[in-house]
Amino acid sequence: MNILFIVDTFSIIEPMGVLQLSGITNARGHKSFICAIDDGDVFRKMEEYRIDAVACSFMSTEAGGFNVLVRQIRGRYPNMPIIAGGPHPTYYPKIADTWPVDAVVIGEGDHVAAELLENLYSGKDISHLMNVHTKTFKNPQGNLVEDLDTLAFSDRELLKNVAPFKYIPMKSFFATRGCPYSCSYCFNSAFNKMHKGKGEILRRRSVENLVQELEHVKQNYKMDFVRFGDDTFVMKYDAWVEEFCDKYSKRVGVPFYFLIHPNLASEDLIRSLKKAGCHSIMLGIESGNEQVRRKVLDRYVADATIKKAFALYHKYDIKVFSNTILGLPETTLKEDLESLNFTLDCRPFYSGFTVFTPFPGTALGEYSKQKGYVKGADDFAESFPISMQSGSMLNTVTDRQREIHRNILTLAPVANLFPVLRNLIVKHLIYWKSNVMFDFVGFVVRNYCNMNIFPFGKSAYTFMQIFKKVVRIDKRNYAKDAPPPPPVNKEGLRDFEQTRLAATQVT
Ligand code: B12
Ligand code: SF4
């Protein structure tokens, strides 16, 4: 069977869920292909590759385009099996009833996606398959994948000739699944609840299995930087970490990046990771107000712990990319300014800010909806903004606050990189009207920071290829009060430049 995996956009980070599933379907003798709606060639690819079944993977911010696309595919190919999976179908399974798809898969697709596609293709029964919702049945969740080592390696061939990935010598890997925390704004709060009693939430590959995949990719593809995408790459400093540091430095030896919780900052751990090749990390601050962190975000980490973590990473010259959320429910501009100042005091290398987005299924998303804080709450999950950098979806946030948020998103990384400008930015510029100059400076600085956090080698040609992509994504994500993505055009394709970009032009 020829399977077409469809994603919304190719960013510079590989769609790992799809690569994982493609590895599994390939192992069962199928052939997979991939395309992105934004590239505007979905139907051409379906014809060219003689596609037998379509598998869509998307987040809530991407649901708008898929909503239209699956209707168009169904219109053209009434008998084509179409399935959907990924974060949006998982946390908003209602689309199984309202979209013309054959089935949606809730949560992990590893045990079910291949059989589901095979049975749909050959007209066999699918009603016994766990995690599957259709218009006629909603099956419960099956057990989580128990042993991650049993999964096929991600299928890197799928992207071998696909831009921009063919130019990018940074490769992503996952060592774990699950997160021990349950922050109220994050999908893990919903995932953990949904999978209670379905096996261990926290799972980790053996170091040997992980290092074998790293070696395989290093030998067969361009790889001069590794990005571990795990929610929390290290959950504690233990024998696994020691074995990883030892084997990674001897057998892989490429600088790497990962995400980690500030609670886990011990000097021994950071020293070992640095020695193994750690170049940069992502550390969540989320709010600069400890009470807000505890009461609103269910994030139990003290100010002093966060500051200590930053100090240790600075000591070992590891570049930190931080994340801070603005516009949280039941907070005001006062807390946003505290968050800005706290973040700047921590001196990350790159201070990333996002605006709170009430994702379906998350504790804080559902709370915001119940309290009536979400604009158009009835079907809000069908009309998401396209990024967490666009304006707030909460009706409790004033227009004035939205403008200040936008200036913080743009200018905080500038204040952080050039501390001499901090007073000017924090006391004056964030209150100005957003303007083209702020947008331009913000774009240059955040991309300079990104290039240092992910410093994979770039020839002039590679740089230009990636740059074109970055401009496209950046323009879309930072568009002022971006509306939901416009539907795909009459031909069933979304012409990115003409439709979405035009609709979300930075002003
Ligand atoms: C890497 C990542 C990104 C990358 C995406 C790279 C890419 N090309 O896909 C980047 C940085 C671009 C990104 C951007 C954003 N992200 Co993001 N991202 C992640 C992250 C950390 C890892 C995703 C991943 O690879 N997981 C590992 C794989 C193995 O798991 P998986 O993708 O879930 O796939 C499994 C199942 O979902 C399922 N499955 C997946 N697809 C399909 C398809 C079919 C047909 C089937 C059957 C099954 C199936 O099977 C897979 C294997 O079990 C997740 C958190 C997480 N841990 O998952 C957040 C996450 C997906 N992101 C999230 C968000 C909010 C965003 C942003 C909106 C943030 C922003 N900056 O504005 C943007 C969206 C931008 C846009 N395009 O609109 C949310 C999504 C919530 C939601 N309801 O949609 C998540 C869940 C994190 C969170 N905050 O809670 N993200
Ligand atoms: S620590 Fe990070 S990944 Fe884990 S629940 Fe909190 S926000 Fe989500």
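What follows is a short chat about a sheet, two domains and one arginine in a predicted model.

Reader: Let's start with the open sheet of six strands: what order do the strands come in?
Author: This one is an open sheet with mixed pairing. Reading across its six strands, the order is E2-E1-E3-E4-E5-E6.

Reader: And which strands stand at the edges, and why is one side of each left without a neighbour?
Author: Each edge strand has a single partner strand, so one side of it has no neighbour in the sheet. The two in that position are E2 (31-36) and E6 (132-133).

Reader: Which residue in E2 is the bridge partner of isoleucine 3?
Author: Strand E1 covers residues 2-7 and runs parallel to E2, with six bridges joining them. For isoleucine 3, the partner in E2 is serine 32.

Reader: At about what angle to E1 does helix H1 run?
Author: Helix H1 takes in residues 16-27 and lies across E1, E2 and strand E3 (53-57). Its angle to E1 is about 175 degrees.

Reader: Moving on to the domains, how many residues does each one put into the contact?
Author: The domain assignment gives domain 1 as 2-133, and domain 2 as 163-356 + 394-464. The contact between them draws on 13 residues from domain 1 and 17 residues from domain 2.

Reader: Which three residues supply 41% of the area that domain 1 buries against domain 2?
Author: The area buried between the two domains is about 1,300 Å², with carbon and sulfur atoms giving 63% of it. On the domain 1 side, three residues supply 41%, more than any other three: Ile12, Tyr91 and Glu108.

Reader: Which elements give two or more residues to the side of domain 1 that touches domain 2?
Author: The count between the domains is three salt bridges, and four residue pairs are in polar contact across the interface. On the domain 1 side, the elements giving two or more residues are H1 and helix H4 (87-91).

Reader: Now for the arginine: which side chain meets arginine 177 in a salt bridge?
Author: Arginine 177 lies in strand E8 (residues 176-177). Beyond its neighbours within four places in sequence, its contacts include Gln20, Glu108, Asp110 and Ile201. The salt bridge, at 2.9 Å from N to O, is with aspartate 110.

Reader: What distance separates the C-alpha atoms of arginine 177 and arginine 400?
Author: Along the chain, these two arginines are 223 residues apart. Between their C-alpha atoms the separation is 40 Å.

Key
Residues are numbered from 1 along each chain as its sequence is written. Chains are lettered from A and ligands numbered from 1 in the order in which they are written. This is a predicted model: local features need pLDDT of at least 70, side-chain atom pairs count only at pLDDT 80 or more; totals for chains, interfaces and linings use all residues. Side-chain values use heavy atoms; hydrogens and water are left out. Two strands pair if DSSP finds at least two bridges between them. Helices (H or I, at least four residues) and strands (E, at least two) are DSSP runs, numbered from the N terminus. Contact means heavy atoms within 4.5 Å. Axes are lines fitted to C-alpha atoms, for helices over the stretch in contact, and angles run from 0 to 180 degrees between N-to-C directions. Domain bounds come from an automatic or database domain assignment. Buried area is the accessible area (1.4 Å probe) that two parts lose on being put together, summed over both. A salt bridge is a side-chain nitrogen of Lys or Arg within 4 Å of a carboxyl oxygen of Asp or Glu. A polar contact is a pair of N or O atoms within 3.5 Å; within protein, one must be able to donate a hydrogen and the other to accept it, and residues adjacent in sequence count only if both atoms are side-chain atoms.
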